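Trainee: Could you take me through one part of this protein slowly, please? I'd like a close look at the sheet and at what packs around it.

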Amino acid sequence: MAKICNSKPVKIVLIVAIVILAIVFGFVFYQKMSDEQQEKEANADDDVSYDVPDASDIKVKEGRYYLNGDTNSYYFEITAGNHIQLHCDDMYALFEKWNPGKDDIIKEDVAYWTGEKEYKIVVTEIGTVILAVEWEYDDNSNLTGLTSGPCWLDENTLGKWGQEGDFKYVDSSGYADSSPDSTEN
């Protein structure tokens, strides 16, 4: 028997068998660990949690929200009945900054944002509060599309509209176009 184990072909077969067993064992171990990891991930709570407010809790203050709080800049005005209006001295120039050379799009945006719009508060699944100025529902009353006005960030801030900053609420006494003479009468 000792002579059989000492033969060269038997040693080669044994080494090959051990290598094959090691590879099979490694593969099975890898699969088992991979399956356990997938099961942990599937059963784990979502690491990302969002504080999603209830739309009925959102109170948008009526008044003017100026870009970066600058009363010499353009602004959104919130009025009674969930209405919003963009005010700007030169709407064409405003939209041209975002769509240079696209005259048709600029004119469409100017026409769209000229005048007062009704808005609806829409809260996304990640907690973004949008003042939607146009919305669509499917046959099952699911929201399927919207045109966004600014987002409500807090009671004094609208944002995520345009590229220049947030819109800060300014009390009516701070409006650039209000003068003391007009309030005395």
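Mentor: Here is a walk through the sheet, strand by strand, followed by the core and a few side-chain details.

Some housekeeping before we start: this is a predicted model, so local features need pLDDT of at least 70, side-chain atom pairs count only at pLDDT 80 or more, and totals for chains, interfaces and linings use all residues. Residues are numbered from 1 along each chain as its sequence is written, and side-chain values use heavy atoms, with hydrogens and water left out.

Let's get our bearings. The protein has 5 helices and 9 strands; helices (H or I, at least four residues) and strands (E, at least two) are DSSP runs, numbered from the N terminus. Follow the chain along and you meet them in the pattern α-α-β-β-β-α-α-β-β-β-β-β-β-α.

Now for the sheet. It is an open one, made of 9 strands in the order β4-β3-β2-β1-β9-β8-β7-β6-β5, with antiparallel pairing. At the edges you'll find β4 (117-118) and β5 (120-123), each pairing on one side only. Two strands count as paired if DSSP finds at least two bridges between them. As general background, strands of a sheet pair through backbone hydrogen bonds, either parallel or antiparallel.

Start at the β5 edge. Here β5 runs antiparallel to β6 (residues 129-137), and 4 bridges join the two. Lys 120 sits opposite Ala 132 of β6, while Ile 121 has Leu 131 in β6 as its bridge partner. The two strands make a hairpin with 5 residues between them, and Gly 127 in the turn has a positive phi of about 95°.

Step across β6 and you reach β7 (residues 143-154), which pairs with β6 in the antiparallel sense over 7 bridges. Ala 132 turns up again here, with Ser 148 in β7 as its bridge partner. This hairpin also has 5 residues between its strands, and Ser 141 takes a positive phi near 65°. Further along the sheet, β8 (residues 157-159) and β9 (residues 167-170) form an antiparallel pair over 2 bridges, where Leu 158 is partnered by Phe 167 of β9.

What packs around these strands? The largest nonpolar core has 24 residues, and Val 60, Leu 86, Phe 95, Leu 131 and Trp 161 touch the most other members. A nonpolar core here is a set of buried Ala, Val, Leu, Ile, Met, Phe, Trp, Tyr and Cys residues joined through side-chain atoms within 4.5 Å. Buried means under 20% relative accessible area, exposed over 50%, and partly exposed in between (1.4 Å probe, protein chains only). At least two core residues come from each of β1, β2, β3 (83-87), α3 (91-98), α4 and β6. The largest share, 4 residues, is supplied by α3. In soluble globular proteins, nonpolar side chains tend to be buried together.

Zoom in on Trp 161. Leaving aside residues up to four places away in sequence, its contacts (heavy atoms within 4.5 Å) include Tyr 74, Leu 86, Phe 95, Trp 113, Ser 148 and Phe 167. You've already met Ser 148 as a partner in the β6-β7 pair and Phe 167 as a partner in the β8-β9 pair.

Next, the charged side chains. The whole structure holds 2 salt bridges, each being a side-chain nitrogen of Lys or Arg within 4 Å of a carboxyl oxygen of Asp or Glu. One of them belongs to the sheet: Glu 77 and Arg 64 meet at 3.9 Å, N to O. Glu 77 lies in β2 (residues 75-79) and Arg 64 in β1 (residues 63-67), 13 residues apart. Glu 77 is partly exposed at 21% relative accessible area, whereas Arg 64 counts as buried at 11%.

The other joins Lys 107 to Asp 103, with the closest N and O atoms 3.0 Å apart. These two are 4 residues apart in helix α4 (residues 103-113), so about one helical turn separates them. Both are partly exposed, Lys 107 at 48% and Asp 103 at 29%. Also in α4 is Ala 111, which counts as exposed at 55% relative accessibility.

Finally, zoom back out to the whole protein: buried residues make up 23% of its 185 residues.
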